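Me: Please take a close look at a single part of this structure and tell me how it fits with what surrounds it. I have not met this structure before, so explain the terms as you use them.

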Number of protein chains: 2
Amino acid sequence: MGHTRWLDESELGAFRAFTNAHALLYPRLNHRLKREFGLSGLQYEILARLSGAPGRELRMAELASALVNSRSGLTYQIGQMEKNGLVCRRAGAPDERAVFAVLTDEGLALLKRAAPGHVGLVRELLFDALTPQQVRALADGLGEASRRLTVGTACSPPATATATATATATDPGP
Amino acid sequence: MGHTRWLDESELGAFRAFTNAHALLYPRLNHRLKREFGLSGLQYEILARLSGAPGRELRMAELASALVNSRSGLTYQIGQMEKNGLVCRRAGAPDERAVFAVLTDEGLALLKRAAPGHVGLVRELLFDALTPQQVRALADGLGEASRRLTVGTACSPPATATATATATATDPGP
DNA sequence: GGGGCCAAGTTCAAATTTGAACAATAAGGA
DNA sequence: TCCTTATTGTTCAAATTTGAACTTGGCCCC
């Protein structure tokens, strides 16, 4: 087994496309969110997740795992958002270690203002370039890859990956 | 046009999968490169690109655009790599503004040691989870998205997107 | 042969991310 | 109960990224 199976042309193309699309798409999304709403991309996602959670709040650890982000990174961002009045923290009830991030009215209002344009841009920059089959292939293939990548990692039941997902770019709701 | 076309379930799943797969995959790849070879993911890519370039050298701007990275970020990384003897800089010949990053023998040797394991990990973590159809869909769909995202941005002819790509995860060559 | 304009690379400060270390708390068994 | 282990959220310093500003060179057209 001394030899390596290098990537063939198709795989290389896919890997490139995956990397490049990400590197091109996210800075664009983030730039607009920052410019128009003072939000980073991560902050938008935090707002979206919280808006879809029961009681508009989530534990720090849940949030971090749903966002696939480090706990320390989340601490930092929640700190920023708290300064801006978009969220606040609530001490845990049964488990005293817990800290809940709670969406404020102000945070929800900002999300509602930002969401349409954001989703529109995602559609314009990404989905308008994809056929329905490609969308399905993305969801299935990369979904499976994500699932495998998550195995062995601390995480809530896979429900999180799907259920929480529904909250992100959908109508923030009433 | 006051209403927004939100993402349907399939699109949302695809978007999530795309984001999550990226957020899960890259830290894993990067961590291993750093631990075993002292390289960041970006530095590995730089080595790979240079190894496939004629004369083992590329202009800073070409490299930055091929890697979809900012010029200042590249300046920083090339600086780090220069300190470690992996690359060196060469002043431009006809165009005096140009700076070429040149792969050193040491850099090439390190790439050759790192490449098999890196490619193996990419295969294990990503491609083993994908069917050939999904690989094609990724390449086609995200390739098209990348192309559109690149329009209006300073860039060399689209050749770069494909031609340069070939150098990345392939056999570093003799 | 100057003037205006654009591109290249670097610099810098500010923002963010990373990862290890830490304090506090839960959980489970001997 | 007491000890051992795992989890939570935070803190901290170091590394990296970001984006604007700046310097220098090419380019074009008059």
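Reply: Two strands count as paired if DSSP finds at least two bridges between them. Strands (E, at least two residues) and helices (H or I, at least four) are themselves DSSP runs, numbered from the N terminus. The part chosen here is the sheet of chain A, and Leu58(A) is a place to start: it stands opposite Ala101(A) in β3(A).

The model is predicted, with local features requiring pLDDT of at least 70 and side-chain atom pairs pLDDT 80 or more, while totals for chains, interfaces and linings use all residues. Residues are numbered from 1 along each chain as its sequence is written, chains are lettered from A and ligands numbered from 1 in the order written, and side-chain values use heavy atoms, without hydrogens or water.

The sheet belongs to a chain with seven helices and three strands. Read from the N terminus, the elements of chain A follow the order α-α-β-α-α-β-β-α-α-α. Of the 174 residues in chain A, 48% are buried, where buried means under 20% relative accessible area, exposed over 50% and partly exposed in between (1.4 Å probe, protein chains only). A contact means heavy atoms within 4.5 Å. Among the contacts in chain A with a separation of 6 or more, 58% join residues 24 or more positions apart.

Now the sheet itself. In chain A, three strands form an open sheet in the order β1-β3-β2, with antiparallel pairing. At its edges are β1 (57-59) and β2 (87-91) of chain A; each has a single partner strand, so one side of each lacks a neighbour in the sheet. From one strand to the next, the twist averages 30°. Angles run from 0 to 180 degrees between N-to-C directions, and axes are lines fitted to C-alpha atoms, for helices over the stretch in contact.

Which residues of β3(A) stand opposite those of the two edge strands? On one side, β1(A) pairs with β3 (residues 99-103) of chain A in the antiparallel sense, over three bridges. Besides the pair of Leu58(A) and Ala101(A), Glu57(A) stands opposite Val102(A) in β3(A). On the other side, five bridges link β2(A) with β3(A), again in the antiparallel sense. There, the bridge partner of Val87(A) is Leu103(A) in β3(A). Four of the five residues of β3(A) are buried, so this strand is largely enclosed by the rest of the structure.

Helices come next. Helix α2 (residues 41-51) of chain A lies across β1, β2 and β3 of chain A, and runs at about 90° to β3(A). Helix α4 (residues 71-83) of chain A also packs on the sheet; it touches β2 and β3 of chain A, and its direction makes about 115° with that of β2(A).

Helix α3 of chain A covers residues 60-67, and its buried residues are Met60(A), Leu63(A), Ala64(A), Ala66(A) and Leu67(A). Seen down the axis of α3(A), these buried residues fall within an arc of 165°, so they line one face of the helix; the arc is that of the directions from the helix axis to the C-beta atoms. Just after α3(A), Val68(A) takes a positive phi of about 50°.

After β3(A), the chain reaches helix α5 (residues 105-125) of chain A, where His118(A) is found. His118(A) is buried, with a relative accessible area of 8%. Leaving out residues up to four places away in sequence, His118(A) touches Leu29(A), Arg32(A), Leu33(A) and Tyr44(A). Tyr44(A) lies within the residue range 41-51 of helix α2(A), the helix that lies across the strands.

Chain B can be set beside chain A. A rotation of 180° with 0.0 Å of shift along its axis superposes chain B on chain A, with an RMSD of 0.1 Å. That is the relation of a two-fold axis; the fit is by least squares on the C-alpha atoms of residues with pLDDT of at least 70 in both copies. Of the interface residues of chain B, 100% are also interface residues in chain A, so the copies meet through the same surface.

The sheet of chain B is likewise open, with three strands in the order β1-β3-β2 and antiparallel pairing. In β3(B), Leu58(B) has Ala101(B) as its bridge partner. Helix α3 (residues 60-67) of chain B packs on that sheet, touching β1, β2 and β3 of chain B, and its direction makes about 90° with that of β1(B).
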